[in-house]
Amino acid sequence: MAQTALKIGNNLKVSRWLRKYTIWMVLAAVVPAVFIWRSAVGQQPVIDTFSVIIFTLAFSTPITLGALSGTFSERSGVVNIAIEGMMLSGAYFGALFTKITGEIWIGFLAAIVVGGLLALFHGALSIYFRVDQIISGTVINIFAFGLTSFLHSLTKKTADATPSKLPSISFKVENTSFTLGFVTILGIVAIFVGHYVLFKTRWGLRTRAVGENPKAADTAGINVFKVRYINVVISGMLAGTAGTYFSLQVLGGFTEGMTVGTGFIALAAMIFGNWNPLNAWGAALIFGLCITADSLLQSWYGNITWLHTITQAIPYVVTIVVVAGVIGRSRPPAAVGTPYTKQ
């Protein structure tokens, strides 16, 4: 009997371990599988494995920051589907302030501030006025699209091209040079810091308590409103930072709708990662790998229009599959989306 119980216990532990690290196992298996397949069909890859890793890290950057943004907000009990709008606003105002002042770091800070202000607005609507958080987020997304489009035309496309880009770090591997952008490195650091804050600090404990049971947290002396406001503003600042990846890191300017739904993909990564920063990063890397696959397939098979159209859709198809297949089994914070009223 004892042996049977021990066996069941061990099986449960294995099951939990498998569920916990599924994302990372999938990620670790995909890249080698692609190259094994390439070798099997007798073709050498044009781009080596290390380049795939670098491209994946770069392409996943805004998804990583967006997923962390959503995790902070929803762990405190506030749904934030406005990440896309905050991202787009950060991209625009980052480029605009960089062009006006000629200083890239002022533009970078402006993007973070704008993201934080939009999040504060979202917090006021959903926490103080107790507006439905989905509606509040949708309104901010629509507002951000309209505002950036209007201002872009009003300023006669001032933000189209910035005088400089955010710095990158170059390094060599076997006589081949690679670069990682500042926002990419910042995103990786933010994931580990965010994970530590949420699961190893008193603030993280309070955040999770408010997201799971705000009434019990209030009874224990935690200011539920303060915790939610601060986490929502942190969420907006992270989303604004993600916006700088597009306008200040990659393109060096702003174009309308340049975030192309990345904020929504980030939400899927957050759900796939079960509201855990490290797992959300793993999910973001899978999405980044899908985008990298588009570039790989183009380099391997040439610029075939119909094939390019199909491969471009890969990240969005993966998003639909993830949301449809995982959302039923994932476990969000118990009080997420529920406004709190102090008795």
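**From a contact of Ile-134 to the nonpolar cores**

Ile-134 touches Val-79 and Ile-81, once residues up to four places away in sequence are set aside. The residue belongs to helix 6, which runs over residues 133–154, and in the same part of the model the C-alpha atoms of Ile-134 and Asn-80 are separated by 7.5 Å although the two residues stand 54 residues apart along the chain. Ile-134 has a relative accessible area of 42%, and because buried means under 20% and exposed over 50%, it counts as partly exposed.

All of this is read from a predicted model, so it is useful to consider how confidence is distributed before going further. The chain has a mean pLDDT of 84, with 80% of its residues reaching 70 or more. Confidence is lowest in helix 1, residues 2–40, where the mean is 53, and highest in helix 10, residues 224–250, where it is 97.

Helix 10 is also where Thr-241 is found. With a relative accessible area of 6%, Thr-241 falls under the 20% limit and is therefore buried. Its side chain reaches the backbone oxygen of Met-237 at 2.8 Å, and, leaving aside neighbours within four places in sequence, Thr-241 is in contact with Leu-65, Phe-108, Ile-112, Val-183 and Leu-186.

Phe-121 offers another case of partial exposure, at 40% relative accessibility. This residue lies in helix 5, which spans residues 104–128, and its C-alpha atom is separated by 9.1 Å from that of Val-233, a residue 112 places away along the chain.

The nonpolar interior can be considered next. In soluble globular proteins, nonpolar side chains tend to be buried together. In this model the largest nonpolar core has 61 residues, and of these Ile-63, Tyr-92 and Phe-254 touch the most other members. Helix 4, covering residues 83–101, gives the most to this core, with nine residues. When neighbours within four places in sequence are left aside, Tyr-92 is in contact with Thr-148, Leu-151, His-152, Thr-155, Ala-159 and Phe-254, so that the list includes Phe-254, itself one of the three residues named for touching the most other members of the core. Apart from this core lies another, of six residues, which include Val-210, Ala-217, Val-224 and Val-227.

Key
Residues are numbered from 1 along each chain as its sequence is written. Side-chain values use heavy atoms; hydrogens and water are left out. A nonpolar core is a set of buried Ala, Val, Leu, Ile, Met, Phe, Trp, Tyr and Cys residues joined through side-chain atoms within 4.5 Å. Buried means under 20% relative accessible area, exposed over 50%, partly exposed in between (1.4 Å probe, protein chains only). Helices (H or I, at least four residues) and strands (E, at least two) are DSSP runs, numbered from the N terminus. Contact means heavy atoms within 4.5 Å. pLDDT is the predictor's confidence in each residue, from 0 to 100. A polar contact is a pair of N or O atoms within 3.5 Å; within protein, one must be able to donate a hydrogen and the other to accept it, and residues adjacent in sequence count only if both atoms are side-chain atoms.
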